[in-house]
Amino acid sequence: WVEDAQRDANGKGHYEFNLRWNEQAKKPAAGADAAFQKVSDDDAFFSTDTSIPSLTGTVDYVDTLSGKTVTASKVTYKLDANQLSPQQVMNFAKLWLICVGPTNDE
């Protein structure tokens, strides 16, 4: 969850997605240090690799606030399903609906 610097005024924030499916099966590392050889520690941790099955992008929120309470939300999904089957996307969507409370609570 990343809140806009002016969230109290504009209600904006977003979730950043970088979820990977079966990463080891599709692209096993050559060694324990191979994944981090060419990038800094921060870049390696936050890197996005679309050459393996993954869900990347953002889910943007513009909330209507009454004080600190959210009274309504406009949600825009900007997600890319990189090499995912329709079944994998559907299963994730079902899981997301189950998790909607914990991921959307203020």
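Asn-82 makes a good way into this predicted model. Leaving out residues up to four places away in sequence, Asn-82 touches Thr-50, Ile-52, Pro-53, Ser-54 and Thr-56. The residue sits in strand β4, and with a relative accessibility of 15% it falls below the 20% cut-off, so it counts as buried. Thr-56 turns up again on the other side of its own strand: in β3, it is the bridge partner of Asn-18.

That brings in the sheet as a whole. Four strands make up an open sheet, ordered β1-β2-β3-β4, with antiparallel pairing. The edges belong to β1 and β4 (69-82); each has a single partner strand, so one side of each has no neighbour in the sheet. Going through the pairings one at a time, β1 (residues 2-3) meets β2 (residues 12-20) over just two bridges, in the antiparallel sense. Here Val-2 is found opposite His-14 of β2. Next, β2 pairs with β3 (residues 54-66) over nine bridges, again antiparallel. Finally, β3 and β4 run antiparallel and are joined by 13 bridges, with Val-59 standing opposite Tyr-77 of β4. Helix α4 packs on this sheet, where it touches β2, β3 and β4, and its direction makes about 135° with that of β2. As general background, side chains in a regular strand alternate between the two faces of the sheet.

A polar spot inside the sheet is worth a look. Asp-63 belongs to strand β3 and has a relative accessible area of 7%, so it is buried. What does its side chain pair up with? A polar contact of 2.5 Å joins the side chain of Asp-63 to that of Ser-73.

Back on the helix that covers the sheet, Val-89 is one of the residues of α4. How buried or exposed is Val-89? Its relative accessible area is 35%, and this value makes it partly exposed. Once neighbours within four places in sequence are set aside, Val-89 is in contact with Ala-81 and Leu-84. Val-89 and Leu-55 are 34 residues apart in sequence, while their C-alpha atoms are 8.5 Å apart in space.

The aromatic side chains deserve their own paragraph. A pair of aromatic rings is described by the distance of the centres and the angle of the planes. How many aromatic pairs does the structure hold? There are eight. In one of them, the ring centres of Trp-1 and Tyr-15 are 5.0 Å apart and the planes are at 55°, so this pair is tilted. Trp-1 lies in the segment before β1 and Tyr-15 in strand β2, so the pair links distant parts of the chain, 14 residues apart. The two partners differ in cover: Trp-1, at 41% relative accessibility, is partly exposed, whereas Tyr-15 has a relative accessible area of 15% and is buried. Another pair is Trp-21 with Phe-92, where the centres are 6.0 Å apart and the planes are at 75°; this angle is over 60, so the pair is edge-to-face. This pair also links distant parts of the chain, with Trp-21 in the loop between β2 and α2 (23-26), Phe-92 in helix α4 (residues 86-98), and the two positions 71 residues apart in sequence. Trp-21 and Phe-92 are both buried. Which residues make up the aromatic cluster? Trp-1, Tyr-15, Phe-17, Trp-21, Tyr-61, Phe-92 and Trp-96 form one cluster.

Zooming out to the whole chain, the secondary structure comes to five helices and four strands. Read from the N terminus, the elements go β-α-β-α-α-β-β-α-α. Of the contacts with a separation of 6 or more, 64% are between residues 24 or more positions apart. Buried residues account for 22% of the 106 residues. The accessible surface of the chain is about 7700 Å², with 53% of this belonging to carbon and sulfur atoms.

Technical notes. Residues numbered from 1 in each chain as written. Predicted model: local features only at pLDDT ≥ 70, side-chain atom pairs only at ≥ 80, totals over all residues. Heavy atoms only, no water. Pairing = 2+ DSSP bridges. Phe/Tyr/Trp six-rings, centres within 6.5 Å; stacked < 30°, edge-to-face > 60°. Buried < 20%, exposed > 50% of the residue type's maximum accessible area, 1.4 Å probe, protein only. Contact = heavy atoms within 4.5 Å. Areas by Shrake-Rupley, 256 points an atom, 1.4 Å probe, with all protein chains shown as cover. Axes fitted to C-alpha atoms, helices over the stretch in contact; angles between N-to-C directions. Polar contact = N/O pair within 3.5 Å; in protein donor to acceptor, adjacent residues only side chain to side chain.
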